[in-house]
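Here's a quick tour of the model for anyone about to load it up. Have the sequence and the coordinates open side by side as you read.

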Amino acid sequence: MIKNNLKGIPAFLNAIALVLGIVGVISYFLSGTDASGMTETTVSAMVYVPFLLAVLASAGALLTGNSMVKILAFACYFLTLATFIMTQAGYIVNVFMGIDGNSFSFAYILAVLGIVCPMVLSLVSLKRFRKK
């Protein structure tokens with residue numbers, strides 16, 4: 001049963017989502033400090049718990065091919081994005097306003113891409129791809 005689910009475009013999209021999610025989690029843990037100390041930019045359990053659940057759901061979607069598991073992965077990534085924005089709002093505003101000279105690090109950008117891209121890929125993998 002698992003072998004049949006590892007074929008086709010949806011499985012490929014889920015595999016990419018899983019890899020990007022893992023990269024995003026690692027990048028999030030690496031980007032959790034603010035050098036200026038003006039904002040409270042720290043690694044938060046409100047972000048990494050749903051992030052880890054989303055990665056596990058992506059792995060489950062890859063192995064099972066179940067559409068409900070793909071929707072669960074999307075929901076967890078969406079919750080991760082919402083809590084990430086909530087916990088990082090002060091830092092994001094400071095970077096855009098140029099208040100304290102902070103900038104987005106490479107790890108920070110990878111963390112954002114590791115949240116948004118797998119979220120989109122989880123939804124796209126729900127589509128039925130047929131050969132013509």
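## Aromatic rings and the core

A search of the whole structure, which is a predicted model, turns up 10 aromatic pairs. One of them is F104 with Y108, a stacked pair with 5.1 Å between centres and 15° between planes. Why does this pair count as stacked? Planes under 30 degrees apart earn that label, and here the angle is 15°.

The two partners sit in unlike surroundings: F104 is partly exposed because its relative accessible area is 26%, whereas Y108 is buried, with a relative accessible area of 4%. Both belong to one aromatic cluster, together with Y28, F29, Y48, F84, Y91 and F96.

Which residues does Y108 touch, once neighbours within four places in sequence are set aside? The list is S31, F84, Q88, Y91 and I92.

Y108 also turns up in the largest nonpolar core, which has 22 residues. Y108 is among the members that touch the most other members, along with Y28, F51, V55, Y77, F84 and I115. Helices α2, α3 (45-64), α4 (67-97) and α5 each put in at least two residues, and α4 gives the largest share, 8 residues. As a general rule, nonpolar side chains in soluble globular proteins tend to be buried together.

Here are the accessibility values for three residues, including the stacked pair:

| Residue | Relative accessible area | Class |
|---|---|---|
| F104 | 26% | partly exposed |
| Y108 | 4% | buried |
| L63 | 41% | partly exposed |

## Helix α2 and a neighbour in α3

How does the length of helix α2 compare with what its residue count suggests? It runs over residues 8-30, 23 residues in total, so at 1.5 Å a residue it should span 33 Å; the end C-alpha atoms are 34 Å apart, which agrees.

The buried residues of α2 are A11, L13, N14, A17, L18, G21, G24, V25, S27 and Y28. It helps to recall that an α-helix has 3.6 residues a turn, so residues three or four places apart point the same way.

N14 gives us a link to L63, a residue of helix α3. These two are 49 residues apart along the chain, yet their C-alpha atoms are separated by 9.2 Å.

## How far to trust it

The chain averages a pLDDT of 84, and 84% of the residues score at least 70. Where is confidence lowest and where is it highest? Helix α1 (residues 2-5) is at the bottom with a mean of 56, and helix α5 (residues 106-124) is at the top with 93.

Definitions and conventions
Residues numbered from 1 in each chain as written. Predicted model: local features only at pLDDT ≥ 70, side-chain atom pairs only at ≥ 80, totals over all residues. Heavy atoms only, no water. Helix = DSSP H or I, 4+ residues; strand = E, 2+ residues; numbered from the N terminus. Expected span 1.5 Å × (residues − 1). Buried < 20%, exposed > 50% of the residue type's maximum accessible area, 1.4 Å probe, protein only. pLDDT = per-residue confidence, 0-100. Core = buried A, V, L, I, M, F, W, Y, C linked by side-chain atoms within 4.5 Å. Contact = heavy atoms within 4.5 Å. Phe/Tyr/Trp six-rings, centres within 6.5 Å; stacked < 30°, edge-to-face > 60°.
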